[in-house]
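Work through the exercises below with the structure open beside you. Try each task before reading its solution.

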Amino acid sequence: MEAVVTVRDLRMRYGDNDVLTGVDFDIRRGEVVCLLGPNGAGKTTTIEILEGFRIRSAGDVTVMGQDPAHADDDWRAHTGVVLQSWRDHPRWTPRRLLTQLGGYFAPYSTPERPRPHDIDLLLETVGLTELADRKIATLSGGQRRRLDVAVGIVGRPELLFLDEPTAGFDPQARRDFHGVVRSLADSEGTTILLTTHDLDEAEKLADRVLVLAAGRIVADDTVDGLARRLEGESQVRWTAAGRRHVEAVPDATKFVRNLFDELGDAVEDLEVRRASLEDAYLALVQQHEAGHGEAAARLFAEVTG
Amino acid sequence: MNPTWNAVSLGLQRGWTEFVQSVRSTQDQGFYLFTAALTVGYLFLRRNTEVEGTDLLLPSVALPSILGALIAFGVIIGPAYALAMEKEDGTLLRHKAVPHGLQGYFTGQLLFQSLSLLPQMIVILVPSFLLFDDLMADPSGWLTVAWVIPLGLLATMPIGMLIGALVPSTQKVGTWGMLPVLVMAGISGIFYPVQQLWGWVQVIAQVFPMYWIALGMRSAFLPDEAAALEIGGSWRTTQTVVVLGIWAVVGALVTPMVLRRMARRQTGSQVEAARDASLQWVR
């Protein structure tokens with residue numbers, strides 16, 4: 001598959017503080033990729049460089065065939081950015097704002113990909129149909145974020161950027177949002193890059209996860225792949241004859257087969273848990289926050305390598 | 001469809017929408033009525049005061065100057081606040097994220113800020129014409145108004161845009177925008193003839209556009225004899241056109257460069273930092 005995003009030896013330095021120290025990765029067409037890492041690891045810097053909003057210090061970056069630092073308006077027409085809005089356009093309504101901003105994409109419409117999105121359909125997708133004609137100032141935080149997503153995809157982008165899209169969401173809103181992102185990837189074929197510090201979210205959404213720590217990518221794999229790389233044992237829990245059992249075993253499949261051979265139907269509430277990526281990630285975050293970013297990054301790369 | 005023209009037309013729609021929303025908002029209505037009450041109230045209290053050296057009453061002489069000042073004030077402070085705020089709240093960033101969005105955004109600002117003068121003028125002019133006599137010496141003066149206002153807009157709006165682009169935060173517009181503009185208004189012969197000031201202050205006043213807009217407005221409203229009150233005893237129409245014209249041309253050349261530079265630096269992190277700063281400020 002062809003690469004939509006290519007990043008080689010990307011470096012960013014603010015004053016004498018190195019935020020990115022040589023980031024390398026590719027994103028292929030149609031992939032949903034999650035940039036995962038603790039706060040302050042450089043996720044936002046990376047995504048802003050790819051969006052063309054921030055000028056990098058060094059390295060090669062190609063996004064949809066152009067260098068985002070010098071990309072033109074045609075390039076803009078094919079990318080979408082979901083921004084974290086705050087209090088802009090308070091007097092506008094969602095419908096009016098989407099119609100206005102969507103209008104900029106009309107000259108880039110093609111028969112295969114009509115632009116912009118049908119506004120009614122879009123409002124329905126993000127669940128704002130009932131609020132379409134209310135003032136934006138009256139929307140709740142979660143409703144506003146849904147509007148942000150709608151603005152980001154109104155031009156039917158081929159490549160979409162989302163920076164911490166679910167920060168401040170309640171569980172229901174988060175679930176709805178995950179649905180929207182998955183359907184974008186599945187039905188529109190949109191390539192998606194999103195950042196998060198939440199492993200659970202990365203697992204639900206991403207085809208592939210890039211773990212960013214200490215200014216570089218320390219792991220690049222699917223969540224399952226990452227978990228499998230972690231050596232260690234699986235935890236098996238079950239109930240038999242009214243008693244709860246927990247056992248740590250190296251090969252869960254074999255163990256469970258034996259368990260059924262032995263006990264048959266007596267096995268209830270069976271649960272198998274892989275040696276947890278969560279634990280490894282949590283350790284990374286904790287060390288990073290304690291100021292040992294470099295050591296944490298090395299350790300994480302080692303255990304998943 | 002040409003994307004640039006498409007963006008300009010979307011910008012015009014945007015400016016119009018913002019204008020309609022502003023006229024409908026009680027907050028903005030309140031602001032218009034407040035300035036109108038202040039202006040008309042002042043003129044009403046001094047409706048029988050005669051202006052020395054003429055047979056004119058104070059409202060006739062003061063109204064055109066005040067209108068001139070309000071125009072300059074409105075199109076400097078208005079865009080300065082709008083830009084500073086929309087830099088912080090992400091409005092600008094939204095337009096940066098769509099193709100040709102910034103062209104649309106600035107077209108919208110230009111139209112919206114110009115249109116905003118209309119309700120401002122109407123709420124002052126209508127009661128003034130009902131309450132006071134001899135405000136417009138000759139109907140042909142409206143023709144003068146018709147070129148002084150647009151030229152004044154072009155001369156002063158770039159100043160507001162530059163202030164808005166350069167201030168580090170909205171709260172600084174007061175210091176870097178309001179204060180200099182108030183000083184300029186103070187020395188521009190709006191509240192008393194500029195000749196009463198020291199010579200060097202008169203020179204400074206005549207460098208800035210506000211003095212010339214007020215002079216142009218007086219030349220439109222007042223009878224020709226009143227020119228005797230001005231510097232050189234003349235309306236100096238040619239000089240008015242030249243000075244305002246220079247400001248307009250320089251503004252048209254410099255402003256897009258500065259705006260482009262400002263827009264290039266806009267990032268999501270900046271918007272987020274502004275949000276955090278404002279939360280701090282509120283607390």
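The exercises that follow use a predicted model.

**Exercise 1. Chain A as a whole**

Task: State how many helices and strands chain A has, what its C-alpha trace spans, and what share of its residues is buried.

Solution:
- Step 1. Count the elements: chain A has 11 helices and 12 strands.
- Step 2. Take the extent along the principal axes: the C-alpha trace of chain A spans about 70 × 50 × 35 Å.
- Step 3. Take the burial: 50% of the 305 residues of chain A count as buried.

**Exercise 2. A strand and its partners**

Task: Describe the cover of strand S8 (residues 208-213) of chain A, and find how S8(A) pairs with S3(A) and with S9(A).

Solution:
- Step 1. Check the cover. In S8(A), 6 of 6 residues are buried, so the strand is mostly covered; buried means under 20% relative accessible area.
- Step 2. Separate the two faces. One side carries Arg208(A), Leu210(A) and Leu212(A), the other Val209(A), Val211(A) and Ala213(A), and all of these are buried.
- Step 3. Look at strand S3 (residues 32-36). S3(A) and S8(A) are paired in the parallel sense, over 4 bridges. Within this pairing, Cys34(A) has Val209(A) as its bridge partner.
- Step 4. Look at strand S9 (residues 216-221). S8(A) and S9(A) run antiparallel and are joined by 5 bridges. Here Leu210(A) has Asp220(A) as its bridge partner.
- Step 5. Inspect the turn. The hairpin of S8(A) and S9(A) has 2 residues between the strands, and Ala214(A) takes a positive phi near 50°.

**Exercise 3. Salt bridges in chain A**

Task: For the salt bridges Arg29(A) with Glu2(A), Glu158(A) with Arg115(A) and Arg174(A) with Asp198(A), give the N to O distance, the places that are linked and the accessibility of each residue.

Solution:
- Step 1. Start with the total: the structure holds 30 salt bridges over all chains.
- Step 2. Take the first pair. The side chains of Arg29(A) and Glu2(A) meet at 3.1 Å, N to O. Arg29(A) lies in the loop between S2 (17-28) and S3 of chain A and Glu2(A) in the segment before S1 (3-14), so the salt bridge ties together parts that are 27 residues apart in sequence. Arg29(A) is partly exposed at 32% relative accessible area, and Glu2(A) is partly exposed at 48%.
- Step 3. Take the second pair. The closest N and O atoms of Glu158(A) and Arg115(A) are 2.6 Å apart. This pair links distant parts of the chain, 43 residues apart: Glu158(A) is in the loop between H5 (141-153) and S6 (159-163), Arg115(A) in the loop between H3 (94-102) and H4 (119-125). Glu158(A) is buried, at 18% relative accessible area, and Arg115(A) is buried too, at 5%.
- Step 4. Take the third pair. Arg174(A) and Asp198(A) have their closest N and O atoms 2.8 Å apart. The residues are 24 apart in the chain, with Arg174(A) in helix H6 (residues 171-188) and Asp198(A) in the loop between S7 (191-196) and H7 (199-205). Arg174(A) counts as partly exposed at 24%, and Asp198(A) as partly exposed at 23%.
- Step 5. Add a network. Asp88(A), Arg144(A), Arg145(A), Asp148(A) and Arg94(B) are linked by salt bridges.

**Exercise 4. Surface patches of chain B**

Task: Name the residues of the nonpolar patch and of the negative patch, and place one residue of each.

Solution:
- Step 1. List the nonpolar patch: Phe44(B), Leu118(B), Ile122(B), Val126(B), Leu130(B) and Leu131(B), with about 590 Å² of accessible area together.
- Step 2. Find the main contributor: H6(B) gives the most, with 5 residues.
- Step 3. Place one residue. Leu130(B) is in helix H6 of chain B; Leu130(B) counts as exposed because its relative accessibility is 71% and the cut-off is over 50%.
- Step 4. List the negative patch: Glu50(B), Asp55(B), Asp138(B), Asp224(B) and Glu225(B).
- Step 5. Place one residue. Asp138(B) lies in the loop between H6 (117-131) and H7 (141-166) of chain B, and is partly exposed at 42% relative accessible area.

**Exercise 5. A contact across the sequence**

Task: Is Val258(B) buried or exposed, and how far is its C-alpha atom from that of Ala165(B)?

Solution:
- Step 1. Locate the residue: Val258(B) lies in helix H11 (residues 237-264) of chain B.
- Step 2. Judge the cover: Val258(B) is buried, with a relative accessible area of 17%.
- Step 3. Compare sequence and space: Val258(B) and Ala165(B) are 93 residues apart along the chain, and their C-alpha atoms are separated by 7.2 Å.

Terms used. Residues are numbered from 1 along each chain as its sequence is written. Chains are lettered from A and ligands numbered from 1 in the order in which they are written. This is a predicted model: local features need pLDDT of at least 70, side-chain atom pairs count only at pLDDT 80 or more; totals for chains, interfaces and linings use all residues. Side-chain values use heavy atoms; hydrogens and water are left out. Patches are made of residues with over 30% relative accessible area and no salt bridge: like charges are joined within 9 Å, nonpolar side chains (Val, Leu, Ile, Met, Phe, Trp, Tyr) within 5 Å. Accessible areas come from the Shrake-Rupley method with a 1.4 Å probe; for residues, only the protein chains shown count as cover. A salt bridge is a side-chain nitrogen of Lys or Arg within 4 Å of a carboxyl oxygen of Asp or Glu. Lys and Arg count as positive and Asp and Glu as negative; His and the chain ends are not counted. The place of a charge is taken as NZ of Lys, CZ of Arg, CG of Asp or CD of Glu. Buried means under 20% relative accessible area, exposed over 50%, partly exposed in between (1.4 Å probe, protein chains only). Two strands pair if DSSP finds at least two bridges between them.
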